[in-house]
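Thanks for coming. I have two topics today, a ligand and then one arginine. Please look at the sequence and the model first.

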Amino acid sequence: MNKASNTKRRQLVVGNWKMNGNRCVNAELLAKVMTSWQGEHRAEVVVCPPYPYLQHTHELIAGSSILLGAQNVSEANDGAYTGEVSAQMLADLHCKFVIIGHNERRRMQGETDEQVAQKFMAAQRANLIPILCVGESLEQRENGQHLTVIGQQLQSVFSHTGRAVFAQAVVAYEPVWAVGTGKTATPQQAHEVHHFIREQLGEVAEVVRILYGGSVKAHNAEQLFALTDIDGALLGGASLDAEEFLKICKAAD
Ligand code: PEP
């Protein structure tokens with residue numbers, strides 16, 4: 001028995017496939033996952049394939065409890081935005097969740113806090129559940145600025161939406177220095193930030209799921225999930241390996 005049985009929040013494991021896979025690889029991966037993840041579970045599992053595979057993935061997970069998410073969304077509703085995909089389109093393609101403000105988009109595509117806030121609102125307008133990613137760089141952590149940075153990332157959304165709408169959102173704490181690097185935050189570091197994020201959420205704090213992301217693997221998932229304020233994980237690399245992914249889903253279950 002783990003913490004999932006004594007918290008009101010349902011544990012959530014989200015696989016961010018990033019720009020990986022193809023129809024064949026995705027089908028093999030999901031077939032393996034679904035063989036061991038049948039019926040209903042206490043933990044909720046979401047996979048986020050690249051845009052072109054959303055429909056195919058929807059077909060592959062049909063009849064299972066696995067849900068569909070996207071990795072990004074446009075802040076605009078529609079119009080002349082070449083190459084962009086709207087929240088309504090994602091909802092139309094059966095997505096329930098969308099990752100917002102992933103650090104790779106903040107760093108590589110230059111997404112600003114303001115843009116992230118606009119994307120968050122666009123997702124909610126289409127009844128998608130935004131998974132808002134926040135987290136500090138190594139330099140910011142070494143300078144002791146991590147809580148300030150994360151506070152600002154949250155505040156830039158709160159200033160548009162207030163806090164109540166977070167009852168229909170998920171927050172993911174992803175220290176930039178831990179994503180894809182094999183380095184994981186220590187339980188103490190994760191606890192400090194998750195507790196801080198929950199405090200910032202004010203009146204809805206107790207219902208919002210806060211995920212940890214950053215080199216979560218089967219060997220460290222259980223220790224992280226045992227922490228009171230960690231409600232699951234956002235996974236990159238581990239979500240591409242069926243065995244690893246399943247072990248983490250089971251640790252959350
Ligand atoms: C991520 O990309 O959100 C992530 C957490 O990646 P990884 O698990 O590979 O560190």
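The shell around the ligand is made up of four nonpolar, eight polar and two charged residues. Here Ala, Val, Leu, Ile, Met, Phe, Trp, Tyr, Cys and Pro count as nonpolar, Asp, Glu, Lys and Arg as charged, and the others, Gly among them, as polar. This is a predicted model, where local features need pLDDT of at least 70 and side-chain atom pairs count only at pLDDT 80 or more, while totals for chains, interfaces and linings use all residues. Residues are numbered from 1 along each chain as its sequence is written, and side-chain values use heavy atoms, with hydrogens and water left out.

In total, 14 residues surround the ligand, with a heavy atom within 4 Å of it, and Lys 18, Glu 174, Gly 180, Ser 215 and Gly 236 are the closest.

Which backbone atoms lie by an oxygen atom of the ligand? A polar backbone atom of Gly 180 is 2.6 Å from one. For Gly 236, a backbone N or O atom is 2.9 Å from a ligand oxygen, and for Gly 237 a polar backbone atom is at 2.9 Å. On its own the ligand has 290 Å² of accessible area (Shrake-Rupley, 1.4 Å probe), and the protein covers 97% of that.

Now the arginine. Arg 198 belongs to helix H8, residues 187–200 (helices are DSSP runs of H or I, at least four residues, numbered from the N terminus). Is Arg 198 buried or exposed? Its relative accessible area is 5%, so Arg 198 is buried (under 20%; exposed is over 50%, with a 1.4 Å probe and protein chains only). A polar atom of the Arg 198 side chain lies 2.8 Å from the backbone oxygen of Ala 205.

Terms used:
Helices (H or I, at least four residues) and strands (E, at least two) are DSSP runs, numbered from the N terminus. A polar contact is a pair of N or O atoms within 3.5 Å; within protein, one must be able to donate a hydrogen and the other to accept it, and residues adjacent in sequence count only if both atoms are side-chain atoms.
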